[in-house]
Amino acid sequence: MGQYRQLLVLLTEIDAHSAALRRALALGHVSGASVHLLGLFEPSEEHLLREERLNEADIKRQYEHYRAGLIALIERHRGSGVSLTVDTLAADDIRSMAIDYISELQPDMVIKDSETASALARLFSTPLDCALMRGFKGITQFVPRSAVTLPRRVLVAVDTAFSETPAVQEHFNRGLIRAAQALALQCDAPLHLLSAYNLAGVFAADMNVTQAWIDEMREALQEPFDALADAEGVAPERRHFMEGGPVQVIREQVAALDIDALVMGVVQPKGLDKLLGDTTERIVSHPPCSVLAVHPDVAETWEP
């Protein structure tokens with residue numbers, strides 16, 4: 001039996017080479033899951049600049065053309081052996097409507113082509129990818145155009161640093177690992193575990209004392225990481241406890257280990273009051289590989 005039953009692909013454009021659709025079809029094939037394609041239609045600015053009566057007619061015509069193209073795209077894959085369905089959404093507030101649609105459907109995973117977004121763009125607006133992570137309380141996978149069909153190596157990034165709520169943090173980390181294990185198992189891919197720590201602020205006048213402090217603090221930080229890895233059955237050679245900032249460490253390890261899929265939490269475990277972890281947002285905005293963003297609500301109940 002597969003790990004997934006229903007996969008939802010979001011398309012903002014009709015793209016015959018969509019990496020998200022290719023990934024969903026491949027996962028559907030190996031897991032037996034059905035694939036539902038949801039097209040998100042928004043009229044172009046040129047239509048919005050015309051007077052209202054003509055604008056409505058042109059938008060309707062454009063929408064029908066979009067819908068027909070989407071249906072034609074699905075028909076090309078009817079012989080893949082995967083159960084395929086299609087739907088479209090058109091609304092003034094497409095993001096809110098899409099999140100409501102997804103929340104009602106409750107797919108096992110939402111899969112979308114990734115979109116790059118600069119820090120400036122994220123400062124003045126909320127990219128669709130970030131809006132999905134914030135609004136959908138499930139698992140969202142963002143797939144770059146250059147991604148392989150199925151992941152060959154999976155990396156899950158956890159935070160095992162000191163927390164005011166260690167039990168909550170541990171539970172969230174275990175949920176992340178189990179979501180990663182489900183993908184790795186379905187793709188027959190090895191699973192790697194990563195945690196970054198930063199001791200840049202540790203110093204003293206005596207360098208020998210500083211090194212002793214660093215060694216002691218590193219051991220204290222690594223203890224819960226090793227305990228987590230032991231509990232979840234991660235092989236010692238696939239554990240990576242690295243010093244440095246999380247974004248830099250993650251990118252370096254994705255490259256060094258030739259990772260195809262990175263699993264991260266939508267919110268930071270030691271700050272569950274935050275809507276979105278800055279590390280995950282920065283990674284998704286410029287993904288080094290496919291990224292699975294796991295919301296804490298689904299991590300609470302995930303059972304591979």
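**Exercise 1. The sheet**

Describe how the ten strands are ordered in the sheet, and work out which strands stand at its edges.

*Solution.* In this predicted model, ten strands make up an open sheet with mixed pairing, and their order is 3-2-1-4-5-10-9-6-7-8. Strand 3 and strand 8 stand at the edges, and because each has a single partner strand, one side of each is left without a neighbour in the sheet. From one strand to the next, the twist averages 20°. As a further step, look at strand 2 and strand 3, which pair in the parallel sense over seven bridges; here H36 is found opposite T85 of strand 3.

**Exercise 2. A helix on the sheet**

Determine where helix 4 packs, and explain how its buried residues are arranged around its axis.

*Solution.* Begin with the packing: helix 4 lies on the sheet, where it touches strand 1, strand 2, strand 3 and strand 4, and its direction makes about 145° with that of strand 3. Next, check the length of the helix: at 1.5 Å a residue its twelve residues should span 16 Å, and this agrees with the 16 Å between its end C-alpha atoms. Then list the buried residues of helix 4, which are I94, A98, I99, Y101 and I102. Seen down the helix axis, the buried residues of helix 4 fall within an arc of 160°, and therefore they line one face of the helix. The cover over these buried residues includes strand 1 (6-11), strand 2, strand 3 (84-90), strand 4 and helix 6 (128-135), whereas D100 and E104, on the other side of helix 4, are exposed.

**Exercise 3. Two residues with positive phi**

Locate Q106 and D188, each of which has a positive phi although it is not a glycine.

*Solution.* Q106 has a phi of about 55° and belongs to the loop between helix 4 (94-105) and strand 4 (109-113). D188 likewise has a phi of about 55°, and its place is in the loop between helix 7 (166-187) and strand 7. For D188 the accessibility can be judged as well: the relative value is 72%, and because exposed means over 50%, D188 counts as exposed.

**Exercise 4. Aromatic pairs**

Classify the ring pair of F41 and Y66 and that of Y197 and F241, and say which parts of the chain each pair connects.

*Solution.* The count of aromatic pairs comes to four. The ring centres of F41 and Y66 are 5.6 Å apart and the planes stand at 50°, so this pair is tilted. The pair links distant parts of the chain, with F41 in strand 2 (residues 34-41) and Y66 in helix 3 (residues 52-75), 25 residues apart. Both F41 and Y66 are buried. For Y197 and F241 the centres are 4.7 Å apart and the planes are at 15°, so the pair is stacked. Y197 lies in strand 7 (residues 191-197) and F241 in strand 8 (residues 239-243), so this pair ties together parts that are 44 residues apart in sequence. Y197 counts as buried at 8% relative accessibility, and F241 is buried with a relative accessible area of 8%. As a last step, F41 and Y66 can be placed in a wider group, since ring pairs link F41, Y63 and Y66 into a cluster.

**Exercise 5. A second helix across strands**

Name the strands that helix 9 lies across.

*Solution.* Helix 9 (residues 246-256) lies across strand 6 (154-157), strand 7, strand 8 and strand 9 (261-265), and it runs at about 150° to strand 7.

Methods:
Residues are numbered from 1 along each chain as its sequence is written. This is a predicted model: local features need pLDDT of at least 70, side-chain atom pairs count only at pLDDT 80 or more; totals for chains, interfaces and linings use all residues. Side-chain values use heavy atoms; hydrogens and water are left out. Rings of Phe, Tyr and Trp (its six-membered ring) pair if their centres lie within 6.5 Å; planes under 30 degrees apart count as stacked, over 60 as edge-to-face and the rest as tilted. Helices (H or I, at least four residues) and strands (E, at least two) are DSSP runs, numbered from the N terminus. Buried means under 20% relative accessible area, exposed over 50%, partly exposed in between (1.4 Å probe, protein chains only). The expected span of a helix is 1.5 Å times one less than its number of residues. The arc is that of the directions from the helix axis to the C-beta atoms. Contact means heavy atoms within 4.5 Å. Two strands pair if DSSP finds at least two bridges between them. Axes are lines fitted to C-alpha atoms, for helices over the stretch in contact, and angles run from 0 to 180 degrees between N-to-C directions.
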